[in-house]
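I opened this notebook page to record what I looked up in the structure, going from single residues to the whole chain. My entries follow in the order in which I made them.

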Amino acid sequence: MARLPYVDPATAPPPVAEALAALPPLNVFRMVAHAETAFRPWLRFGGALLGAGELDPVLRELAILRVARLTPGAHYEWVQHVPILVAAGGTEEQVAALAADDEERPCFTEEQRLVLRFATEVVRDAAPGEATWAAVSARHSPREIIELLLVIGQYMMLGRIMATTGIDVDGPFGTEVAQGAARTRSS
């Protein structure tokens, strides 16, 4: 049970109610909506990360799921993003490997293992080790690296909101959210 009440769209200030009406009815949105002035900019930021990036969507989702595994209390994130990974081209075998914290399984490409290692080191140590940094820098553009860092940071923050407020797991509606972000990018 959540430690804070969810924002009720019927009684929310008009800009928040309008934003909530355009979204899938996810508890994470109704919780973050308490931050009235940050809510809409945060939605745009999250949409940009999910829909307008240069970073490969499978790599992005692998990083998000790795953050979820490394963040106690972020099961909500896991539930929402497993279907997005699969829809983006990831596999159930990869999901099982991530759930087992086994990023070295052959179901991952070398590049995917590198991104998983990068995400792990950033979450645990705030920055990747020199060898990981050199490998990521050799394979990815500066834009992709910064997008990856923004994704990791966004989902670390969300994981902490989820863990602290005890957001009730709902959905999954993750693919709906990702598709909405992609539509926003193309319009």
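**Entry 1, Gln112.** I began with Gln112, which is buried because its relative accessible area is 11%, under the 20% that serves as the cut-off. I note at the outset that the model is a predicted one. I then placed Gln112 in the secondary structure and found that this residue lies in helix α7. Leaving out residues up to four places away in sequence, I listed what Gln112 touches, and the list reads Val58, Leu59, Leu62, Gln94 and Cys107. I also looked up the pair Gln112 and Arg60, which are 52 residues apart in sequence, while their C-alpha atoms are 9.7 Å apart in space.

**Entry 2, the loop between α6 and α7.** I turned next to Asp101, which is found in the loop between α6 (92-99) and α7. I wrote down its backbone angle, since Asp101 has a positive phi of about 55 degrees although it is not a glycine. Asp101 has a relative accessibility of 37% and therefore counts as partly exposed, as the value falls between the 20% and 50% cut-offs.

Asp102 has its place in the loop between α6 and α7 as well, and at 28% relative accessibility I entered Asp102 as partly exposed. With residues up to four places away in sequence not counted, Asp102 touches Ala97 and Phe108. I looked up Gly89 too, which is 13 residues from Asp102 along the chain, and the C-alpha atoms of the two are separated by 19 Å.

**Entry 3, Ala126.** Is Ala126 buried or exposed? I found Ala126 to be exposed, with a relative accessible area of 65%. Ala126 lies in the loop between α7 and α8 (130-139), and its phi is near 75 degrees, a positive value in a residue other than glycine.

**Entry 4, the cores.** Which residues have the most contacts inside the largest nonpolar core? That core has 42 residues, and the ones I was after are Val28, Phe29, Phe39 and Ile152. I checked which helices supply at least two residues each to this core, and they are α1 (14-21), α2 (27-32), α3 (36-51), α4 (57-70), α7 (110-125) and α9 (142-165). Helix α9 gives the most to this core, with eight residues. A second, separate core has 13 residues, including Leu65, Leu85, Val95 and Leu98. Going back to Val28, I noted that this residue touches Tyr76, Leu158, Met162 and Ile167, not counting residues up to four places away in sequence.

**Entry 5, the whole chain.** I then stepped back to the secondary structure of the protein, which comes to ten helices and zero strands. The radius of gyration is 16 Å, close to the 16 Å that the globule rule gives for 187 residues, so I recorded the protein as being as compact as a globular protein of that length. Taken along the principal axes, the C-alpha atoms fill a box of roughly 50 × 35 × 30 Å. Buried residues make up 47% of the 187 residues. Among contacts between residues at least 6 apart in sequence, I noted that 65% join residues at least 24 apart.

**Entry 6, surface and charge.** My last look-ups were of the surface, where the protein exposes about 9,100 Å², with carbon and sulfur atoms supplying 58% of it. For the charges I entered 16 positive and 23 negative, whose mean positions are 2 Å apart.

Key:
Residues numbered from 1 in each chain as written. Predicted model: local features only at pLDDT ≥ 70, side-chain atom pairs only at ≥ 80, totals over all residues. Heavy atoms only, no water. Helix = DSSP H or I, 4+ residues; strand = E, 2+ residues; numbered from the N terminus. Rg over C-alpha atoms; globule rule 2.2 N^0.38 Å. Buried < 20%, exposed > 50% of the residue type's maximum accessible area, 1.4 Å probe, protein only. Contact = heavy atoms within 4.5 Å. Areas by Shrake-Rupley, 256 points an atom, 1.4 Å probe, with all protein chains shown as cover. Lys, Arg positive; Asp, Glu negative; His and termini not counted. Charge placed at Lys NZ, Arg CZ, Asp CG, Glu CD. Core = buried A, V, L, I, M, F, W, Y, C linked by side-chain atoms within 4.5 Å.
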